[in-house]
Amino acid sequence: MKQWLPYELHTHTFHSDGEHSLLELARSAKELGLFGIAMTDHNTMSPLLEREQIQSETQLQIIRGMEWTTFFGHMLAIGITDYVDWRDLGIKDIHKGIERVHKQGGIVGIAHPYRVGSPLCTGCYWEYEIADWDDIDYIEVWSYTFPSIMNSNQRAFQLWTDRLNQGHRIAAVCGRDWHVSSIKITEPIAVTYLGLENNRDSALDPTEVEKLAVDAIKEGAVSVTMGPRLQCALLIEPSGSVYGIGSVVKVTEDASTAVARVEVDFSERAEHWRLDDQELKVRLVSNKGTVGELKVSRQVSTASYGVDLAGLIWLRAELHGAFHNSITMIAFTNPFYFQHDN
C-alpha cells in the first residue's frame, strides 16, 4: 500500500544561485510540512556533501540531483550518485546525456520548458531536439509560485497532455525553483505528492527512501496540488480490481468499464494553504477530452463516476475552483494508462 508524501523537486542553494545553505533550505522545507526535497543546484552536486548530516539533523529526505543549466534548456537529473557532465551535448545530443543519467539509475525531467529565455533567463526555454519522448521521465508542468495561472505553465501542461495523447507515459510534477527561504511567500506554493510503497515510519535507510521516491516518479504515482491532496482510484467492473494513480489498466471485453473514485483530503498540510469553503469540481480528463465531472466539498469529500474505457489511452483527475481570487485548477493527478486487447 502506498503512502503519499509531499516533496519539493526543484531547489537551489548558494552553491549555485540560491541564497540559503542546504541546512537552511531543509529547515524551511520542514516548516512547510514537506517530507522531502530534491537538491538540484545548477551544474553542481557540491551541497550534497552535507546531505547525510542534514538529513539526520532535520529528518528531511534529500534526493540527490542537479540541474543541467545550458544554452538550450534546463534539465533536472535526480536519483543520481555522481556528477553527470553535459558540456559536450549539442542541441541534437540530449539523449546522450539522458543515457548517462539512466545508467546511474536516475531519472530526467524537463524544467520549466516555456519560461522566458535569454537574456532574462539564459537557456530557460527548452530548445533541445527530442528524438524519443519515451526517454523523458517527467516534465515540470508547474513552476514557481501560484503556478496554475502562469501562461508558461499552461503551455507546459498542454505539452504534457499532447505527449500523453501520442501514447507516451511521462510523469508531470511541480517545481518551485526554490532559491530563497528568508523572504515570506504570500502566493500559493504547489507541492508534489509521491506514492511511496513503504510506510514513512518504517526504518528504511535514506538511500532506500530516495529510490522509492524516484521509482514513484518513474511509475507516475504522482499527485500535484496547491491546496488539498487529490486522490483517485479506478475500480474495474465486473472483476473488482482496483488500480491507483500511474497504473497500467488492461481493458478487455469483459472488463471495459470502471468506477472512478475521487477523494479530496482537506487535512494534509492544511495550515500551509487557504481555500474558501465552496463546492469544487473534479473533472475526469482523457485523450477523448472530459469524460466526467464530479462535485466535492469539505462536507462531501469523496465522489464516484462510471467511466466507459473504450478508446481511452489515459485518464487523470483535475480539481477546479476559486483559489486566491482566481477560478483555476487547484490540483491534478497523474494518469491511469490503458492497454486494450485487440
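This is a short tour of one sheet, the helices that pack on it and two cysteines, in a model that is predicted.

Begin by selecting the five strands of the open sheet, which follow the order β4-β5-β6-β7-β8 with mixed pairing. At its edges are β4, residues 65-70, and β8, each of which pairs on one side only. If direction is ignored, neighbouring strands of this sheet are turned against each other by 30 degrees on average.

Move next to the β4 edge and add strand β5, residues 73-78, which runs antiparallel to β4 and is joined to it by six bridges. To see one of the paired positions, select Trp 68, whose bridge partner in β5 is Met 75.

Now cross to the other edge and show strand β7, residues 138-143, together with β8; these two strands run parallel and are joined by five bridges. Here Tyr 138 stands opposite Ala 171 in β8. Adding helix α4, residues 151-165, completes a right-handed β-α-β unit made of β7, α4 and β8. In this unit α4 lies across β7 and β8, and the helix runs at about 155 degrees to β7. Then select helix α5, residues 206-219, which also packs on the sheet and touches β5, β6 (107-110), β7 and β8, its direction making about 55 degrees with that of β6.

With the helices in place, keep β8, residues 171-175, in view and ask how many of its five residues are buried. The strand is mostly covered, and five of the five are buried. In a regular strand the side chains alternate between the two faces of the sheet. Along β8, Ala 171, Val 173 and Gly 175 point one way, whereas Ala 172 and Cys 174 point the other way, and all are buried.

Stay on Cys 174, which is buried with a relative accessible area of 2%, and look for the closest cysteine sulfur. That sulfur belongs to Cys 124 and is 17 Å from the sulfur of Cys 174, which is too far for a bond because a disulfide requires the two sulfur atoms to lie within 2.5 Å. Select Cys 232 as the last stop: this residue is in no disulfide, and the nearest cysteine sulfur, that of Cys 174, is 19 Å away. Cys 232 is likewise buried, with a relative accessible area of 1%. By the same distance rule, the disulfide count for the model comes to zero.

Note on methods: Residues numbered from 1 in each chain as written. Predicted model: local features only at pLDDT ≥ 70, side-chain atom pairs only at ≥ 80, totals over all residues. Heavy atoms only, no water. Buried < 20%, exposed > 50% of the residue type's maximum accessible area, 1.4 Å probe, protein only. Helix = DSSP H or I, 4+ residues; strand = E, 2+ residues; numbered from the N terminus. Pairing = 2+ DSSP bridges. Right-handed = clockwise from strand over helix to strand, strands pointing away. Axes fitted to C-alpha atoms, helices over the stretch in contact; angles between N-to-C directions. Contact = heavy atoms within 4.5 Å.
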